[in-house]
Amino acid sequence: MTTPILIIFIGFLIFLGHYLAEMFDRTRIPDVVGLLLVGILIGPVFHLIDPASFGQAGRVFTNIVLVFILFESGLEVRFEQLKSALRGTVTLTTLNFIVTTMLVAAMAQMFAGLDFLSSVILGSILGGTSSAVVTTLARKVDIQDQTSTTLVMESAFSDVYTLAIPISLISLYTGASFSLGSMFGHIFTSLVLAVVAGVASGYLWSILLNKVPTLLKTRFSTPAFVFIVYGLVEQLDFSGPIAVLFFSITLGNVTLLRPRLLYPYLPSRHIELTAVEKDFFSEMVFLLRTFFFVYVGMSIVLDNAYLIGLGAAITLLLFLVRIPVVLASADTKTPLFDMSFMSIMIPKGLGAAVLATLPAQRGLPSGPTIQTITFAVIIFTTVFCTLLFFVLEKRKMLGFYRLFFGSHRPLDAASMLPAEPAPAAGGKP
């Protein structure tokens, strides 16, 4: 594809993204499906663009997308929501990762002929959720703030598992040095130090904003600082997405989390984006999302019909086992609609696609099989998730989920609001 044609195509994608977003507002059909379809058509179907030609720039681009999305989402999280959601998030993330890994490993052993270690590698690669898809859909539906916070944090926390464990298991397979203790130690330090780095960076930037008011007048100084935080944390081999998430949460709650020693330096009000900044961020996130999902579609490799069918079967089972996982980890007061929405939020993202290429690169005989199944599960979970989102938002499947979550739960967050008192007799309405 020549440069002029590529530039024309980029302009076309921007118009298409706006059209699909408008169609979502009218029909509630998520735009993710259309963008993925475009990517699949120009990539694996017609081979108009090879994602490999983007090289390292493709990885950089996907990281920038996550930084913007997680930063914008974290600013909306309040400390009370974080406290109430944290315990459920850890339980949901851990339980979902374990159940997903076990299920996928069992299916891969039985139907794909993979050995035990290769099967577990595949399962651990698919054990997380996509931050880009989850955060996008969670912000477009009427659910409780605690539910939205839990899902966003799950998608960030799961990166710790899906990075540390597959890479450690691949090292074990290839005969490199491996220690179970060092693996779990890396998971723990990656999580804790990423949180510490994010919180400390949030305080530092709050002080700078308070002492250098001109920074508040610029549109890109805060995102630039977020990029630095993300890059430094990743360079230290910790979790950049978690650091960014807690950086923005700290920034949005700095008035509630003011250590006495920092009183003179921290601002006395919440740090919020101005209307101009919010418009700027919304447009940036929109553009990046548009290209991100097209890029995901382009990156899909589907070259074995049997393994693609196995990926579809695994996807259906993952949606089913997600129900008891949500039931075991969610608060008993969570509304039925929120529980149902949590049950469909298992899309796999580009991070899984990148990890799926490692076994083949490291010379594992099962590498091509792991890659094909992973790509199939990514596309099926993303498409099924967005389609179920469309159906569920119209309250079409609540009867099905009520069978599992109980008839005593209220339908949605709106039904949790107290009823208005009836007017007194003879009084005015």
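Helices here are DSSP runs of H or I with at least four residues, numbered from the N terminus. With that in hand, let's work through some exercises on this predicted model.

**Exercise 1.** Find the residue that follows α17 and state the sign of its phi.

*Solution.* Start with the helix itself: α17 spans residues 398–405. Next, step past its end, where you meet glycine 406. Finally, read off the backbone angle: the phi of glycine 406 is positive, near 95°.

**Exercise 2.** Work out how the buried residues of α17 are arranged around its axis, and what covers them.

*Solution.* First, pick out the buried residues in α17: Leu398, Tyr401 and Phe405. Around the axis these residues cover an arc of only 65°, so they sit on the same side of α17. A general point helps here: an α-helix has 3.6 residues a turn, so residues three or four places apart point the same way. Last, look at the cover over the buried residues of α17, which includes α12, α13 (336–344) and α16 (367–393).

**Exercise 3.** Search the whole structure for salt bridges, and say which parts of the chain each one links.

*Solution.* The search finds two.

- Step one: the side chains of aspartate 31 and lysine 140 meet at 3.8 Å, N to O, and the cut-off is 4 Å. Aspartate 31 belongs to helix α2 (residues 31–45) and lysine 140 to the loop between α6 (131–138) and α7 (145–173), so this pair ties together parts 109 residues apart in sequence.
- Step two: compare the burial of the partners. Aspartate 31 has a relative accessible area of 4%, so it is buried; lysine 140, at 27%, counts as partly exposed.
- Step three: glutamate 154 and arginine 322 form the other bridge, at 2.9 Å, N to O. Glutamate 154 lies in helix α7 and arginine 322 in helix α12 (residues 305–329), 168 residues apart. Both glutamate 154 and arginine 322 are buried.

**Exercise 4.** Classify the ring pair of tryptophan 205 and phenylalanine 225, and place it in the chain.

*Solution.* The structure holds 14 aromatic pairs. In this one, the ring centres of tryptophan 205 and phenylalanine 225 are 4.6 Å apart and the planes are at 15°; planes under 30 degrees apart count as stacked, so this pair is stacked. Tryptophan 205 is in helix α8 (residues 180–211) and phenylalanine 225 in helix α9 (residues 221–235), so the pair ties together parts 20 residues apart in sequence. Now check burial: tryptophan 205 is buried at 5% relative accessibility, and phenylalanine 225 is buried at 13%. To finish, widen the view: ring pairs link Phe71, Trp205, Phe225 and Phe247 into a cluster.

Key
Residues are numbered from 1 along each chain as its sequence is written. This is a predicted model: local features need pLDDT of at least 70, side-chain atom pairs count only at pLDDT 80 or more; totals for chains, interfaces and linings use all residues. Side-chain values use heavy atoms; hydrogens and water are left out. Helices (H or I, at least four residues) and strands (E, at least two) are DSSP runs, numbered from the N terminus. Buried means under 20% relative accessible area, exposed over 50%, partly exposed in between (1.4 Å probe, protein chains only). Rings of Phe, Tyr and Trp (its six-membered ring) pair if their centres lie within 6.5 Å; planes under 30 degrees apart count as stacked, over 60 as edge-to-face and the rest as tilted. The arc is that of the directions from the helix axis to the C-beta atoms. Contact means heavy atoms within 4.5 Å.
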